[in-house]
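The following exercises concern protein–DNA contacts, a chain–chain interface and strand pairing. Please work through each task before reading its solution.

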Number of protein chains: 2
Amino acid sequence: MLKEERQHTILNEVELHNRVLLTDLAEKLDVSIDTVRRDVKELDSDNRLVKVHGGAVSLGFANHSPQRNNNVYSLEEKISIAQKATSLLKDNSVILIDGGTTCLELARLLPANINLTCFTLSLPVAMELLSKPNVETIFIGGALSKDSQIAMGANAIHNLSQIKVDYSFIGTGYVDAAFGLTEFDWDTVQTKKAVIQASKKTVLLCISEKLNSQHRFKTCDLNMIDTMITELPPDHPLLESFKNQELFLL
Amino acid sequence: MLKEERQHTILNEVELHNRVLLTDLAEKLDVSIDTVRRDVKELDSDNRLVKVHGGAVSLGFANHSPQRNNNVYSLEEKISIAQKATSLLKDNSVILIDGGTTCLELARLLPANINLTCFTLSLPVAMELLSKPNVETIFIGGALSKDSQIAMGANAIHNLSQIKVDYSFIGTGYVDAAFGLTEFDWDTVQTKKAVIQASKKTVLLCISEKLNSQHRFKTCDLNMIDTMITELPPDHPLLESFKNQELFLL
DNA sequence: TGTTTTAATGCAATATTTTGCTTTTTTTAA
DNA sequence: TTAAAAAAAGCAAAATATTGCATTAAAACA
């Protein structure tokens, strides 16, 4: 029997059952287990199946795909930004945290020794805040967007108009640049405007990589922002063009 | 059996029921509990589920707060109740789903072929609803309670006063009886009242075991309820005393 | 054709992984 | 707090992988 035939059979078997044992294959193909092993290894490196201990599984079956591997990328930067943002907080501050992964990181990193009242529109952020004993969390209600997991629309905007917070922390967008152009609909933009109006000071959390991309400030004008935080030191050359009296860099 | 198969089964089980016990998995998969534990641990670190003491819960269900390892028990009954509840739904119904594990189960089981507008006060329920393409979700804002993960207080009550839904589905309490006496504070009771007032029909989802406990109807009077659903058939002897013209049993 | 080179296969010795069991530590519920 | 349940850690047996090597088959070439 040709190697080609064997491998073909192996692939068929894997496609059919989603999984196979090397021992079964060896018996079925009437070759040694070593040969099967080598075949499977080859098919694996050709990405035709996934070899696992004791056998092989089909590509679709493979556990390798972590669910929603939300941007594991630039996590370091996001943490660094969020860390800086916490330095603005004082005891009993009233703040608002927007959605997006950077903001979520901020929610995670809120210091445990400062009492805060925290508004949010974001379901994941709210979840995170609930685990903080020192944070009183108020969710701004409204119609929930399926992709951003954020409350928005007329209802949310109205609720926002009723409050005034010391700081609101907003991100640059809900969709990571890696996934394609970030397009914002009318609702998103209006809601973000309402957030800004509900805050005495607005802080933009922004990874430097986005500073010069075409996604830049799709959501809001720079002059609506009081403080911008990137992962870079404030005197970094890349930030030169943002230095002015209006905008505080951190 | 390959490790991959086992883990696949575990994931299926978790997705299906939202939660599983390690002991059940061990029996079902016919391996030691250590093996199951190791598998679950692995899946957890791959962010495919969340491991909790004694079992695992699905991602959407995850009480990221270490708060309470929500009742992995009496799941069957809850599913049965939730299943019955779905029979009340019609296309384009506007409903409200309260918090608690039974209500969460209802959110999970909402049929995919019926378009719904769904209000909720519960963070976990909202999370679940977001995964349903046919459900428009509106979150009722308010101060979030750390243990029940529900919006409540004046804000929530006011928001509730603005709406009217066809059905609201409420549970008996947020804490399972097995965990001790369920004590409700003023806020909880007021909020639940507001829920009832916001609905044309109120449906109580109630495990029969609670019918004769001292926790019975701490939250609301029976005469505020239009329909009561238990896991038992409506003509079951235990339900005899609830039969009257006011209350519809299902 | 006969010889040389290369690839494929099976085997055996040696690692590595997986698994269940036991003991100890931690967590949980009452 | 105590007692029960669950998790963690360590260990040994079993299953599976890896590697080197010998044998055989196939291919290349004069």
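A salt bridge is counted here when a side-chain nitrogen of Lys or Arg lies within 4 Å of a carboxyl oxygen of Asp or Glu. By this rule, 15 salt bridges are found over all chains. The model is a predicted one.

**Exercise 1. Salt bridges**

Task: Determine how far apart in sequence are the parts that the pair A:Lys3 and A:Glu42 ties together.

Solution. Step 1: A:Lys3 and A:Glu42 form a salt bridge, with 3.4 Å between the closest N and O atoms. Step 2: A:Lys3 belongs to helix α1 of chain A and A:Glu42 to helix α3 of chain A, so the pair links parts that are 39 residues apart in sequence. Step 3: In general terms, side chains of opposite charge can pair when their charged atoms come close.

**Exercise 2. The surface near DNA strand C**

Task: Identify which elements each supply at least two residues of the surface near DNA strand C, and state what share of the strand's atoms within 4 Å of the protein belongs to sugar or phosphate.

Solution. Step 1: There are 18 residues around DNA strand C, and those that come nearest are A:Arg6, A:Thr35, B:Arg6, B:Thr35 and B:Arg38. Step 2: At least two residues of this surface come from each of α1 (3–17) and α3 (33–45) of chain A, and likewise from each of α1 (3–17) and α3 (33–45) of chain B. Step 3: By class, the surface has eight charged, six polar and four nonpolar residues. Step 4: Sugar or phosphate accounts for 60% of the atoms of DNA strand C within 4 Å of the protein, and bases for the rest. Step 5: Individual contacts illustrate both parts. A polar side-chain atom of A:Thr35 is 2.3 Å from a phosphate oxygen of DNA strand C, and a polar backbone atom of A:Ser32 is 2.9 Å from a phosphate oxygen of that strand. On the base side, an N or O atom in the side chain of B:Asp34 lies 3.1 Å from a base nitrogen of DNA strand C.

**Exercise 3. The surface near DNA strand D**

Task: Carry out the corresponding analysis for DNA strand D, including the share of sugar or phosphate among its atoms within 4 Å of the protein.

Solution. Step 1: DNA strand D is surrounded by 15 residues, of which A:Arg37, A:Gly54, B:Arg37, B:His53 and B:Gly54 are the closest. Step 2: The elements that each supply at least two residues are α3 and β2 (50–52) of chain A, together with α3 and β2 (50–52) of chain B. Step 3: Six residues of this surface are charged, five polar and four nonpolar. Step 4: Of the atoms of DNA strand D within 4 Å of the protein, 86% are of sugar or phosphate, the rest being of bases. Step 5: In chain B, an N or O atom in the side chain of B:Arg37 is 2.6 Å from a phosphate oxygen of DNA strand D. A polar side-chain atom of B:Lys51 is 3.1 Å from a phosphate oxygen of the strand, while one of B:His53 is 3.3 Å from a sugar or linking oxygen.

**Exercise 4. The interface of chains A and B**

Task: Describe the area buried between chain B and chain A, and find which element gives the most to the side of chain B that touches chain A.

Solution. Step 1: The contact involves 36 residues of chain B and 37 residues of chain A. Step 2: About 3,000 Å² is buried between the two chains, 63% of it from carbon and sulfur atoms. Step 3: B:Leu2, B:Leu130 and B:Lys146 give 22% of the area that chain B buries against chain A, more than any other three residues. Step 4: The interface holds one salt bridge; A:Arg19 pairs with B:Glu5, with 2.9 Å between the closest N and O atoms. Nine residue pairs are in polar contact across the interface. Step 5: On chain B, α1, α6 (123–130), β6 (135–139) and β7 (142–144) each supply at least two residues. The most comes from α6(B), with six residues.

**Exercise 5. A sheet with strands of both chains**

Task: Determine which strands stand at the edges of the open sheet of nine strands.

Solution. Step 1: The order is β8(A)-β7(A)-β6(B)-β5(B)-β4(B)-β9(B)-β10(B)-β11(B)-β12(B), and the pairing is mixed. Step 2: β8 (151–152) of chain A and β12 (248–249) of chain B each have a single partner strand, so they stand at the edges, with one side of each left without a neighbour in the sheet. Step 3: Within chain B, β4 (93–97) and β5 (116–120) run parallel and are joined by five bridges; B:Ile97 has B:Thr120 as its bridge partner in β5(B).

Conventions:
Residues are numbered from 1 along each chain as its sequence is written. Chains are lettered from A and ligands numbered from 1 in the order in which they are written. This is a predicted model: local features need pLDDT of at least 70, side-chain atom pairs count only at pLDDT 80 or more; totals for chains, interfaces and linings use all residues. Side-chain values use heavy atoms; hydrogens and water are left out. A residue is near a molecule or strand if one of its heavy atoms lies within 4 Å of it. A polar contact is a pair of N or O atoms within 3.5 Å; within protein, one must be able to donate a hydrogen and the other to accept it, and residues adjacent in sequence count only if both atoms are side-chain atoms. Helices (H or I, at least four residues) and strands (E, at least two) are DSSP runs, numbered from the N terminus. Ala, Val, Leu, Ile, Met, Phe, Trp, Tyr, Cys and Pro count as nonpolar, Asp, Glu, Lys and Arg as charged, and the others, Gly among them, as polar. Contact means heavy atoms within 4.5 Å. Buried area is the accessible area (1.4 Å probe) that two parts lose on being put together, summed over both. Two strands pair if DSSP finds at least two bridges between them.
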